[in-house]
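Biologist: Could you take me closely through one part of this model, a single residue and the strands around it? I should then like to know how the rest of the chain is arranged.

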Amino acid sequence: MTIQPFSDVGVVSDARGTRIVAVRPVFLSYTYPPEHVQGWSGGRLPGITAGLVEITTDTGVTGVGETYAGVFAPDVVRAIVEYHAAGLIGQDPSNIERLWHECRSRMLYWGRNGIAIATLSAIEAALWDVCGKLVGKPVVELLGGPCHDSLPRYASGGMEADAAGMRAEATSVRDAGYLAMKIRTGVSPEADRAKAQFMIDALGPDVRLAVDAVQGTNPNPWSATQAIAAGKALEDLGLLWYEEPCAAWDVDGYAACRAALDIPIAGGESCTSPEEVQAFLDRGAVDILQPDASWLGGLLPVVRAGAMAARAKVGVAVHAWGSAGTVLANYHAGFATPACGWLEFPSQPNPLISELMVEPLRVEQGRVLPPTAPGLGLRLTPELEAAYPYRADHRYHFEERR
Ligand SMILES: [Mg+2]
């Protein structure tokens with residue numbers, strides 16, 4: 001059976017009985033125009049790289065997934081994908097959970113966490129994409145169907161910029177109809193408060209503001225005492241949340257912030273195992289968990305993390321920072337997660353978001369509607385690969401701050 005509007009993705013009627021014939025890492029890079037090369041939370045990005053995995057089946061249907069790790073260490077992603085390819089070829093792509101565990105089993109000694117699992121996210125997502133296309137349904141339908149008619153979306157930006165740049169960004173976010181915006185902080189309590197107040201004024205009353213101290217703040221993380229001092233300076237501003245006030249491993253620091261501050265604490269975007277997620281929940285470290293389907297191991301791990309959060313009475317705001325593959329994987333997973341309350345959208349200019357999507361995001365009054373294209377809704381064509389060739393020098397790299 002062919003679904004008319006998306007006939008180009010090769011929809012067939014049954015996912016069973018097909019076989020994987022190729023697994024290919026693909027990297028696409030976009031070079032930021034000079035005016036968009038901004039300092040970002042202790043680092044600088046000259047451009048951005050999408051770390052993709054393409055899985056081809058004997059039906060001709062291909063699936064695409066993305067790992068956020070492509071932004072950081074594409075060479076490592078390539079090696080890990082190639083390491084798994086032989087074990088995946090010849091297998092039935094609809095055995096997603098089984099294939100995931102087989103991949104993880106190959107890495108138990110050296111890759112239980114970190115980039116090994118982050119890369120597995122792209123393989124898992126590509127398998128979901130294959131299966132969705134094979135049965136002609138969006139992946140969220142395979143995950144149990146959307147739990148939400150729509151979800152609010154926030155613009156994720158607010159890097160280092162001068163006043164004119166910040167005002168221009170706030171205006172564009174407001175005019176685009178976003179319901180919230182997130183900015184990066186982590187300079188000093190005084191500077192962070194001034195930046196947040198400036199953006200609140202520039203955004204106006206209809207757009208909420210969240211702040212992100214990025215592993216508080218990478219590469220030189222705050223102590224809990226410093227993180228609390230930075231939070232105290234923001235406490236009366238009515239912020240949506242205060243994200244990653246401490247180092248990713250400083251779960252007790254998070255808990256201290258949550259106990260000391262009257263601002264919701266958010267975190268967990270760099271977790272790569274349920275054990276890490278559980279540590280945040282067991283220690284009362286966050287009000288809002290931010291799992292990422294292109295980092296935590298895939299879409300199903302995010303849905304499960306959402307269930308863990310719900311049991312702990314913690315909210316969920318799926319993380320997404322990369323290209324279309326990270327955005328869509330997290331939106332499918334977010335819609336399949338009852339506790340999900342917000343979707344992140346990386347609002348830096350990046351054509352690898354719009355051009356890799358089969359259909360544009362459907363957004364009404366700042367709220368995203370569930371995706372409808374079969375699979376994840378991604379497309380990867382020879383033309384796109386030619387238009388955005390991989391640039392090895394576009395890796396994210398940290399700089400010492402001031
Ligand atoms: Mg963040």
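Modeller: Leaving aside neighbours within four places in sequence, Pro152 is in contact (C-beta atoms, placed from the backbone, within 7 Å) with Leu179, Ala180, Trp342, Gly366 and Arg367. The model is predicted: local features need pLDDT of at least 70, side-chain atom pairs count only at pLDDT 80 or more, and totals for chains, interfaces and linings use all residues. Residues are numbered from 1 along each chain as its sequence is written.

Pro152 is classed as partly exposed because 17 other C-beta atoms lie within 10 Å; 20 or more would make a residue buried, and 12 or fewer exposed. The C-alpha atom of Pro152 is separated by 9.1 Å from that of Val363, although the two residues are 211 apart along the chain.

Pro152 is found in strand S6. Strands (E, at least two residues) and helices (H or I, at least four) are DSSP runs numbered from the N terminus. S6 (residues 151-156) runs parallel to S13, with 4 bridges joining them; pairing requires at least two DSSP bridges. Within this pair, Tyr154 of S6 has Glu344 of S13 as its bridge partner.

S13 spans residues 340-346, and 5 of its 7 residues are buried, so the strand is largely enclosed by the rest of the structure. S13 also pairs with strand S12 (residues 315-318), in the parallel sense and over 3 bridges. The bridge partner of Val316 in S13 is Cys340. Between S12 and S13 the chain passes through helix H12 (residues 324-335), in a right-handed β-α-β crossover; with the strands pointing away from the viewer, such a path runs clockwise from the first strand over the helix to the second.

Elsewhere, 3 strands form an open antiparallel sheet in the order S1-S4-S5. Strand S1 (20-31) and strand S5 (62-67) are at the edges with a single partner strand each, so one side of each has no neighbour in the sheet. S4 (residues 47-57) is joined to S5 by 6 bridges, and Leu52 has Glu66 in S5 as its bridge partner.

The largest nonpolar core (buried Ala, Val, Leu, Ile, Met, Phe, Trp, Tyr and Cys residues joined through C-beta atoms within 7 Å) has 121 residues; Met181, Leu209, Leu239 and Leu299 have the most contacts inside it. Helix H3 (residues 115-135) supplies the largest share, 14 residues. Beyond four places in sequence, Leu239 touches Ala196, Leu209, Ala210, Val211, Leu234 and Ile263.

Note on methods
Two residues are in contact if their C-beta atoms, placed from the backbone, lie within 7 Å.
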